[in-house]
Amino acid sequence: MVNVVAAMKPLIHGLVKLAGLIPQTVEIETGTVMNFWAPKETKPKNQTNTADRKPTKPVVVLAHPFAGDGILMWFPQVLALTSQYAVYVPDLIFFGGSTTSRPDRSAEFQAECLARGLRKLGVEKCTVVGLSYGGMVGFKMAAMYPELVEALVASSTVIEMTESIANRSQKKIGISQWSDLLLPETVEGVKFLFTVGRHKWPWLPDFVYKQCLEVLFSNRKEKGELLEALIVGDEDSTNFTTYPQRIHLLWGDDDKIFNLDLAQSMKEQLGEKATLQWIENAGHLVQLERPFAYNRHLRRILSSTYDSQQYQRN
């Protein structure tokens with residue numbers, strides 16, 4: 001039987017290429033490479049220098065959640081944004097074809113690799129749109145590279161996964177560790193992941209879940225290490241970092257992992273520069289469940305950050 005999930009990838013890739021993006025592999029350092037979908041006009045000269053051409057539109061970087069690689073998680077947004085923005089979609093380390101020989105599994109390392117990769121592609125400033133795991137990487141990147149990150153749109157995420165936040169979320173979902181949810185080993189586990197991730201999940205035959213299991217969950221050992229490294233002790237938390245950027249929280253109202261109460265607490269903690277909007281009848285993977293509503297909100301946020309008509313690079 002043809003694996004329908006695997007067969008969808010060439011179709012999605014074809015649509016993204018028609019929208020003007022091409023896959024590019026950037027060597028971050030010896031032993032570390034990161035894959036990007038990036039505008040076709042911005043190619044790195046070589047593995048050490050920056051791109052031949054810098055983007056002439058405002059740059060939007062879409063950082064994916066733990067459930068899949070960049071294009072699979074963000075293709076509706078790519079198709080909606082490329083006419084006005086230079087869109088970059090990375091595969092974070094150990095997703096897609098991105099990999100490293102270094103032992104570091106922290107969100108800080110992901111943020112460092114992403115920032116270095118973007119700079120090699122000629123990006124000088126950007127807005128990061130991060131969902132779930134990608135949002136945590138986005139917060140790290142905003143703190144570590146304020147000269148690069150102009151604004152942050154964070155969805156279905158937290159500033160940092162502290163032990164107390166992790167314990168509350170795991171108890172609410174009914175799991176003992178994040179790998180139980182995010183690295184399923186059975187068809188039932190995949191069903192549970194998709195059910196938790198969405199407001200409503202349609203009935204699908206078991207063979208579809210089996211095919212998802214075969215395609216979506218590679219690099220299990222390394223991804224398990226990423227999840228372990230993600231959790232920090234409450235006493236070591238950087239949750240009270242002050243961010244110079246505008247931070248926009250964009251949520252599904254039925255997020256079963258990080259609910260609206262948590263989002264509201266984050267907004268209050270982040271202060272006057274933060275905004276909070278939510279989308280009804282949407283769960284954790286709001287960008288896929290309600291893509292048209294998510295895109296409308298995202299366009300308004302980006303418009304408030306950039307005047308696209310006046311944005312030109314020399």
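Here are three short exercises on the predicted model above, each with a worked solution.

Before you start: residues are numbered from 1 along each chain as its sequence is written. Local features need pLDDT of at least 70, side-chain atom pairs count only at pLDDT 80 or more, totals for chains, interfaces and linings use all residues, and side-chain values use heavy atoms, with hydrogens and water left out.

**Exercise 1.** Work out what span helix 4 (residues 133-144) should have, and compare it with the model.

*Solution.* Helices are DSSP runs of H or I with at least four residues, numbered from the N terminus. Take 1.5 Å times one less than the number of residues. For the 12 residues of helix 4 that gives 16 Å. Now check the ends: the C-alpha atoms there are 17 Å apart, which agrees.

**Exercise 2.** Decide whether helix 4 is largely enclosed or not.

*Solution.* Call a residue buried if it has under 20% relative accessible area (1.4 Å probe, protein chains only). Go along the helix: among the buried ones you'll meet Tyr133, Val137, Phe139 and Met141. In total 10 of the 12 are buried, so the rest of the structure largely encloses helix 4.

**Exercise 3.** Find what Met141 touches beyond its neighbours within four places in sequence.

*Solution.* Count a contact when heavy atoms lie within 4.5 Å. Your list should include Ala111, Leu114, Ala115 and Leu118, as well as Cys126 and Val128. Pro146, Leu148 and Val149 complete it. Next, look at the largest nonpolar core (buried Ala, Val, Leu, Ile, Met, Phe, Trp, Tyr and Cys residues joined through side-chain atoms within 4.5 Å). Of its 104 residues, Met141 and Trp178 touch the most other members. Helix 3 (residues 107-120) gives this core its largest share, seven residues.

Key: Helix = DSSP H or I, 4+ residues; strand = E, 2+ residues; numbered from the N terminus. Buried < 20%, exposed > 50% of the residue type's maximum accessible area, 1.4 Å probe, protein only.
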